[in-house]
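Visitor: Got a minute to walk me through this one? I'd like to see the reasoning behind the numbers.

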Amino acid sequence: MHTTLHLKNSLKALALLAGVVLATLIVVSVQQASHAPLLLSQASMLLPAVG
């Protein structure tokens, strides 16, 4: 039981970390690209799914 809970917490932390990395990559690509609003709208749709 404890192992399952620990696994869930680990997956949640991993998902959060992946979200942060994804957001960072999006910010970097926004700075390099001209179609920033499209990328930002995609990011705003993805973040609630991670949280």
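Guide: Sure. One definition to start: the expected span of a helix is 1.5 Å times one less than its number of residues. Keep in mind that this is a predicted model.

Visitor: What span should the 31 residues of α1 have, and how far apart are its end C-alpha atoms?

Guide: Helix α1 covers residues 2-32. At 1.5 Å a residue, its 31 residues should span 45 Å, and that agrees with the distance between the end C-alpha atoms, which is 45 Å.

Visitor: Is L14 buried or exposed?

Guide: L14 sits in helix α1. The cut-off for exposed is over 50% relative accessible area. L14 has 53% relative accessibility, so the call is exposed.

Visitor: How much accessible area does the nonpolar patch with L14 have together?

Guide: L14 shares that surface patch with L7, L11, L17, V21 and L25. On a helix, residues three or four places apart point the same way, because there are 3.6 residues a turn. Together the patch residues have about 600 Å² of accessible area.

Visitor: Which residues in α1 are buried?

Guide: Buried means under 20% relative accessible area. Of the chain's 51 residues, 12% count as buried. In α1, the buried ones are G19, I26 and V30.

Visitor: And A23: how far in space is its C-alpha from that of S44?

Guide: A23 also belongs to α1, and its relative accessible area of 28% makes it partly exposed. In sequence, A23 and S44 are 21 residues apart. C-alpha to C-alpha, the distance in space is 9.4 Å.

Technical notes
Residues are numbered from 1 along each chain as its sequence is written. This is a predicted model: local features need pLDDT of at least 70, side-chain atom pairs count only at pLDDT 80 or more; totals for chains, interfaces and linings use all residues. Side-chain values use heavy atoms; hydrogens and water are left out. Patches are made of residues with over 30% relative accessible area and no salt bridge: like charges are joined within 9 Å, nonpolar side chains (Val, Leu, Ile, Met, Phe, Trp, Tyr) within 5 Å. Accessible areas come from the Shrake-Rupley method with a 1.4 Å probe; for residues, only the protein chains shown count as cover. A salt bridge is a side-chain nitrogen of Lys or Arg within 4 Å of a carboxyl oxygen of Asp or Glu. Helices (H or I, at least four residues) and strands (E, at least two) are DSSP runs, numbered from the N terminus. Buried means under 20% relative accessible area, exposed over 50%, partly exposed in between (1.4 Å probe, protein chains only).
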